[in-house]
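Reader: I would love a close look at how the side chains of this model meet one another and the surface. Could you take me through one part of it and then follow the links from there?

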Amino acid sequence: MSSQAERQEPALSDATRARFDREIAKYPADQRQSAVMACLRIMQEERGWISQRTEEQVADYLGMPPIAVHEVTTFYNMYNQAPVGKYKLNVCTNLPCQLRDGARALHHLEQRLGIRMGETTPDGLFTLQQSECLGACADSPVLLVNDGTMVSFMSNDKLDQLIEGLRSASGGEPA
């Protein structure tokens, strides 16, 4: 069942529909569902996460079953299925990274932020998640910040600098 917050989500705006249409236009007319990933990205940019109601709205617009959109949302870790912090930190936990201190980096971030993997700090700044292979095994430990910026060779000192830099950029105090 959808939460109260999901039921109160706004309808797709004209601006959102126009963005969807630009993505849909990249595919043959009978394959508009091919724009599902782009449409989910747009919705996440606008709302911060992908709720069940958002999946239903995308499915309706693309003319596809809601379960097909849900399958995409749950397959890729770039789609937030719950609200996340301002900074989402995805630490690679694939085997090559684990062998090159990936577990140490994850543990250090858990200690530094006072949260466990999958949680968000009480101030709403950081969400810590695991990620499968980021394709930079030789640069381990690696993590992806907000699904767009990869940082490599992350020693404890570099992790601390990253956290303090992001906190400073948000006007927060260093921990």
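Author: Happy to, and let's begin on the surface of this predicted model. Met 37, Phe 75, Tyr 76 and Met 78 come together there as a nonpolar patch, and their accessible area adds up to about 370 Å². One of the four, Tyr 76, sits in the loop that runs between helix H5 (66–75) and strand E1 (87–92). Tyr 76 counts as partly exposed because its relative accessibility is 32%, and partly exposed stands for values between 20% and 50%.

From the nonpolar patch, let's turn to the charged side chains. The structure has eleven salt bridges. In one of them, Glu 46 pairs with Arg 19, and their closest N and O atoms are 3.6 Å apart. This pair connects distant parts of the chain: Glu 46 belongs to helix H3 (residues 36–47) and Arg 19 to helix H2 (residues 14–24), with their positions 27 residues apart. Both partners keep some access to the surface: Glu 46 is partly exposed at 40% relative accessibility, and Arg 19 is partly exposed at 24%.

Glu 23 takes part in a salt bridge too, with Lys 26 as its partner and an N to O distance of 3.0 Å. Here the two ends sit in contrasting surroundings: Glu 23 is buried, since its relative accessible area is 14%, while Lys 26 is exposed, with 57%. These residues belong to a wider set, as a network of salt bridges links Arg 19, Glu 23, Lys 26, Arg 41, Glu 45 and Glu 46.

Glu 23 also leads us into the packing of H2. Thr 16, Phe 20, Glu 23 and Ile 24 are the buried residues to look at in this helix. They lie on the same side of H2, because the arc they cover around the axis is only 100 degrees. If you turn to the other side of H2, you will find Asp 14, Ala 15 and Arg 22 exposed. The cover over the buried residues of H2 includes H3 and helix H4 (52–62).

Between H2 and H3 there is a loop, and Ser 34 has its place in it. With a relative accessibility of 31%, Ser 34 counts as partly exposed. For a sense of distance, compare its position with Ala 136: the two C-alpha atoms are 28 Å from each other, and the residues are 102 apart along the chain.

Another salt bridge is worth a visit further along the chain. Arg 112 and Glu 164 form it, and their closest N and O atoms are 2.8 Å apart. Because Arg 112 lies in helix H7 (residues 102–113) and Glu 164 in helix H8 (residues 156–169), the pair ties together parts that are 52 residues apart in sequence. Arg 112 is buried, at 18% relative accessibility, whereas Glu 164, at 34%, is partly exposed.

Let's finish at Thr 127, which you can find in strand E2 (residues 126–131). Its relative accessibility is 2%, so Thr 127 counts as buried. A polar atom of the Thr 127 side chain lies 2.5 Å from the backbone nitrogen of Gly 85. Leaving aside residues up to four places away in sequence, Thr 127 touches Val 84, Gly 85, Tyr 87, Lys 88, Leu 89, Glu 119 and Thr 120.

Conventions: Residues numbered from 1 in each chain as written. Predicted model: local features only at pLDDT ≥ 70, side-chain atom pairs only at ≥ 80, totals over all residues. Heavy atoms only, no water. Patch = residues over 30% accessible without salt bridge, like charges linked within 9 Å, V, L, I, M, F, W, Y side chains within 5 Å. Areas by Shrake-Rupley, 256 points an atom, 1.4 Å probe, with all protein chains shown as cover. Salt bridge = Lys/Arg side-chain N within 4 Å of Asp/Glu carboxyl O. Helix = DSSP H or I, 4+ residues; strand = E, 2+ residues; numbered from the N terminus. Buried < 20%, exposed > 50% of the residue type's maximum accessible area, 1.4 Å probe, protein only. Arc of directions from axis to C-beta. Contact = heavy atoms within 4.5 Å. Polar contact = N/O pair within 3.5 Å; in protein donor to acceptor, adjacent residues only side chain to side chain.
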